[in-house]
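Please read the following points with the sequence and the model open beside you. They are arranged by topic, and each term is explained where it first comes up.

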Amino acid sequence: MGQKLKIAGWISIGAVAGALTTVQLQAVARGGLMPLPLEELQQLAAVFGMVKTDYVEPVDEKKLISDAISGMVSSLDPHSAYFDKKSFKEFREGTSGRFVGVGIEISQEDGLVKIVSPIEGSPADRAGLKPNDLITKIDDTAVKGLSLNDAVKKMRGEPKTKVTLMIFRKDESRSFPVTIMREEIRTQSVRSKVMEPGYAWIRLSQFQDRTVDDFVTKMEQIYKQEPNLKGLVLDLRNDPGGLLDAAVAISAAFLPENVTVVSTNGQLAESKFTYKAAPEFYMRRNGSDPLKRLPAAIKTVPLVVLVNEGSASASEIVAGALQDHKRATIMGNQTFGKGSVQTVRPLGPDTGIKLTTARYYTPSGKSIQAKGIVPDVMVDETLEGSPFAALRTREADLEKHLNSGQGAEVKDVNREKAREEALKKLEEEAKKPPEQRRPPELGSDKDFPLIQAINQLKGRPVMVSKTAIVENKNEKKEN
């Protein structure tokens, strides 16, 4: 067991490019490689030679090889990628929760960079950037055609330097420039609040190095204020993921010891692994287990977990574990559906590739890949519904995404119709004054899903969604 964990090394999971995107393992040599396709490799060498000698102007050999590796890996699926020196450094910064940039989580849409969400308190957040804003230019560079990694590189830089982003805001049908001063982003991944006597809210915005310690500190503060806590809301909305060991630890905080949290399965022996609710599965360094500081009551306090389309990967691990063990009621909307594991293999001292090596499974054996977690109680974002939920990109919408490995995907025929209706509502929304379009702050007394979660904990009626679309709900498991 201990040897397996040493081999497994450091793992992190995320959904979108930017701060968090991947799973990392120490490099493991694979024995018994298949014979190499010599004819195809000869063709590759021939093309390299032609480009080197016949192209209109001289080309850099190292760049040619790097681009060839990048194209080979990125063609596999949306989450596999090549890391050059700079992007490798940025990856490590992202999982530590500290980096220099503007502070946004991004994805890609129609060749442009789409803002999933500004990091709370970041320069981008203070500049008023919003989820679903599209970045069309970074300084003088058009974004169309750039990879996400290249876009991230251009937005990163030295502290106290400026970057100008051209923003297209759909709901206002306008483009405008925003100049932002880069700074070191120290993301605060845990927030909490006692909502009312006996009931508390704790939010995880990412799973980072210090998330577990911060979570324990916040829970200690909650129990100090409310020793007889009657109910807790764990908010994972718009949490794109992060470190797997942090997700296992957060799950373990609420579950009985040694129950299964998540398992992974792939070609490599090291990819076939089961993580349980025990310290040896989430402690990466020597020291005391922070979960021991938690009061015993946390194991039994009534629990609701809030999720939405932006809850991905590590968030889905936690929600899936708590749902399968019937430890919590999952409320909100179907999650993103990133159920694949990426392994970072070093190619040298400062470059590497991020390669999809496994799928992960909830304790009951369900794959979340391209499906997501379906809540026990579907709840809309507002009293009026979730008018723009159908427009949000999910794993199943990404080009070349993996299937779940548990049967063919079942596409909901109503999805396109729902998107058309959402676009019409978006046009209507654009006519309202900007102050009326700003969604309520998460954790506020106007946060509709949070209000429903508190009602659930109190045994009061909950306003259940009547319009939510569940994708791939009829998918059957293959034996």
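1. The side chains of Lys 153 and Asp 150 meet in a salt bridge, with 3.5 Å from N to O; the term stands for a side-chain nitrogen of Lys or Arg within 4 Å of a carboxyl oxygen of Asp or Glu. Both residues belong to helix H6 (residues 148-155), and because they are 3 residues apart there, about one helical turn separates them. Helices (H or I, at least four residues) and strands (E, at least two) are DSSP runs, numbered from the N terminus. Lys 153 is buried, with a relative accessible area of 19%, whereas Asp 150 is partly exposed at 30%. For these words, buried means under 20% relative accessible area, exposed means over 50%, and partly exposed lies in between (1.4 Å probe, protein chains only).

2. A word on the source is needed early: this is a predicted model, in which local features need pLDDT of at least 70 and side-chain atom pairs count only at pLDDT 80 or more, while totals for chains, interfaces and linings use all residues. Residues are numbered from 1 along each chain as its sequence is written, and side-chain values use heavy atoms, with hydrogens and water left out.

3. How many salt bridges does a search of the whole structure find? The search finds 16, and one of them joins the side chains of Asp 214 and Arg 210, at 3.7 Å from N to O. Asp 214 counts as buried, with 18% relative accessibility, while Arg 210, with 26%, counts as partly exposed. As general background, side chains of opposite charge can pair when their charged atoms come close.

4. A further salt bridge is formed by the side chains of Asp 447 and Arg 237, at 2.6 Å from N to O. This pair links distant parts of the chain, 210 residues apart: Asp 447 is in the loop between helix H11 (434-437) and helix H12 (448-458), and Arg 237 is in the loop between strand E13 (231-235) and strand E14 (241-243). Both partners are buried, Asp 447 with a relative accessible area of 3% and Arg 237 with 5%. Elsewhere, salt bridges that share partners join Asp 133, Arg 169, Glu 172 and Arg 174 into one network.

5. Turning to the strands, E5 (residues 112-118) is mostly covered, since 6 of its 7 residues are buried. Strand E4 (residues 104-109) runs antiparallel to E5 and is joined to it by 6 bridges; two strands are said to pair if DSSP finds at least two bridges between them. Ile 106 has Ile 115 in E5 as its bridge partner. In the hairpin of E4 and E5, which has 2 residues between the strands, Asp 110 takes a positive phi near 50°. E5 also pairs with strand E6 (residues 134-138), again in the antiparallel sense, over 2 bridges, and here Val 113 stands opposite Ile 135 in E6.

6. Which strands stand at the edges of the open sheet of 6 strands, whose pairing is mixed? The order is E11-E12-E13-E17-E18-E21. Strand E11 (190-196) and strand E21 (377-378) stand at the edges, each with a single partner strand, so one side of each is left without a neighbour in the sheet. E11 is joined to strand E12 (residues 199-204) by 6 bridges, and the two run antiparallel; Arg 191 stands opposite Arg 203 in E12.

7. Is Thr 343, which lies in strand E19 (residues 340-346), buried or exposed? Thr 343 is buried, with a relative accessible area of 0%. Its side chain makes a polar contact of 2.6 Å with the side chain of Thr 357. A polar contact is a pair of N or O atoms within 3.5 Å; within protein, one must be able to donate a hydrogen and the other to accept it, and residues adjacent in sequence count only if both atoms are side-chain atoms.

8. Two exposed residues complete the note. Leu 36, in the loop between strand E1 (12-14) and helix H2 (38-54), is exposed with a relative accessible area of 60%. Lys 417 lies in helix H10 (residues 414-429) and counts as exposed at 52% relative accessibility. The C-alpha atoms of Lys 417 and Ala 390 are separated by 9.2 Å, and these residues are 27 residues apart along the chain.
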